[in-house]
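Q: Can you walk me through a strand and a cavity in this one? Short answers are fine.

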Amino acid sequence: MELVRATEAAAIRAVPFIGRGDKNAADKAAVDAMRKFLGTVNFDGVVVIGEGEKDKAPMLYNGEHVGNGRGPACDIAVDPIDGTSLTAAGRQNALSMIAVSDRGSMLDASTVFYMNKIVAGAEGIGVLDIRKSIGENIRALAAAKNKPVSEMQIAVLDRPRHVQLVEEIRAAGAGTRMLLDGDVAGGINAARPETRIDMCVGVGGSPEGVVTACAIKALGGFIQTMLMPQNDEQRANGEAAGLLFDHVYEANDLVKSDNTYFVATGVTDGGLVEGVRRLGPIIRTESIVLRGRSGTVRRVVAEHLAEKWLDEDSLLERV
């Protein structure tokens, strides 16, 4: 619940900026709120995946210590708003999220920003292989799920780099779900049995891949990734940091511990959780909490008195 309060705070503080066209202002409001709440949590957290390096991100930067210093030593990945552009445009699927695992267990891939990913539910284990063609993987997963290929839905980030991938998915006979942003939610939905997404594929952020792995551990799903350096400098920096190229990273490589938590609160409505809603004097939030060790998925719906969120100075004391 301490982690949920942090994502709730970030999501609520981002609401005034939904649809206002200023993604930086939305992000700053969410970062400020999340950092305040994380300072009260009983753990010694080190930000492995954050807002960037210290000289570019004054808060929640990579390497920053968060929490009150008491309790377990943890790695922490934060994204106060996953989908700042979505928030600024008033589009769906913006989230505030945190992932936590034991200290030293998260892969630090910050030197190589992109990785290729394939994510699915438990049916993908022992069936999918990121080194195979997308057509082969679609047909293999369809067989494992006892489902016609024509009914398979594949989530892909809507980016120019995926034009050929999308063509190959459709040529295989499957349909696509194009994501404007937020491939973490896409990956989680691919691993959940109640959604219409069967697989999430394509090149996205390396930090998001590690965060997704924390969630996949709780869902018993499948994830494979391969790092995609954009130039020789990134490859050299990655090699210096001990990263492996032409290597398949699986869930246990991305996050070595099973003691993982993934927490997300909706900023705007989406397929994973509903966004923040103002209902008269009440602010309503919906969050999802995934715990790797127990394989538990919890949903937290909270109602907050709006007047308690108007006073910035006493916010922490009142929540």
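What follows is a chat about strand 13 and the largest cavity in this predicted model.

Q: Is strand 13 buried or exposed?
A: Strand 13 covers residues 282-291, and 8 of its 10 residues are buried, under 20% relative accessible area, so the strand is largely enclosed by the rest of the structure.

Q: Which strands does strand 13 pair with?
A: Strand 14 (residues 296-305) is joined to strand 13 by 10 bridges, strand 11 (residues 261-266) by 5, and strand 12 (residues 277-279) by 3. Each of these pairings is antiparallel.

Q: What sits opposite isoleucine 288?
A: Alanine 264 does. Elsewhere, threonine 285 has alanine 302 in strand 14 as its bridge partner, and leucine 279 is matched with isoleucine 282.

Q: What about the turns: how many residues lie between strand 12 and strand 13?
A: There are 2 in that hairpin, and glycine 280 in the turn has a positive phi of about 65 degrees. The hairpin of strand 13 and strand 14 has 4 residues between the strands, with glycine 295 in the turn also at a positive phi of about 65 degrees.

Q: Switching topic. How many cavities of 30 Å³ or more are there?
A: The count is 1, and the space in the largest cavity is about 80 Å³.

Q: Which element gives the largest share of its lining?
A: Strand 8, with 5 residues. Strand 5 (114-120) and helix 7 (206-219) each supply at least two.

Q: And what kinds of residue line the largest cavity?
A: The lining divides into 6 nonpolar, 4 polar and 2 charged residues. Among them are Lys117, Asp183, Cys200 and Thr212.

Terms used
Residues are numbered from 1 along each chain as its sequence is written. This is a predicted model: local features need pLDDT of at least 70, side-chain atom pairs count only at pLDDT 80 or more; totals for chains, interfaces and linings use all residues. Side-chain values use heavy atoms; hydrogens and water are left out. Buried means under 20% relative accessible area, exposed over 50%, partly exposed in between (1.4 Å probe, protein chains only). Two strands pair if DSSP finds at least two bridges between them. On a 1 Å grid over the protein atoms alone, a cavity is a set of points where a 1.4 Å probe fits but cannot get out, and a pocket is an open set with protein on both sides within 12 Å along at least five of seven lines; lining residues have an atom within 4 Å of a point. Grid points are joined across faces, edges and corners, and a volume is the space filled by probe spheres set on the points. Ala, Val, Leu, Ile, Met, Phe, Trp, Tyr, Cys and Pro count as nonpolar, Asp, Glu, Lys and Arg as charged, and the others, Gly among them, as polar.
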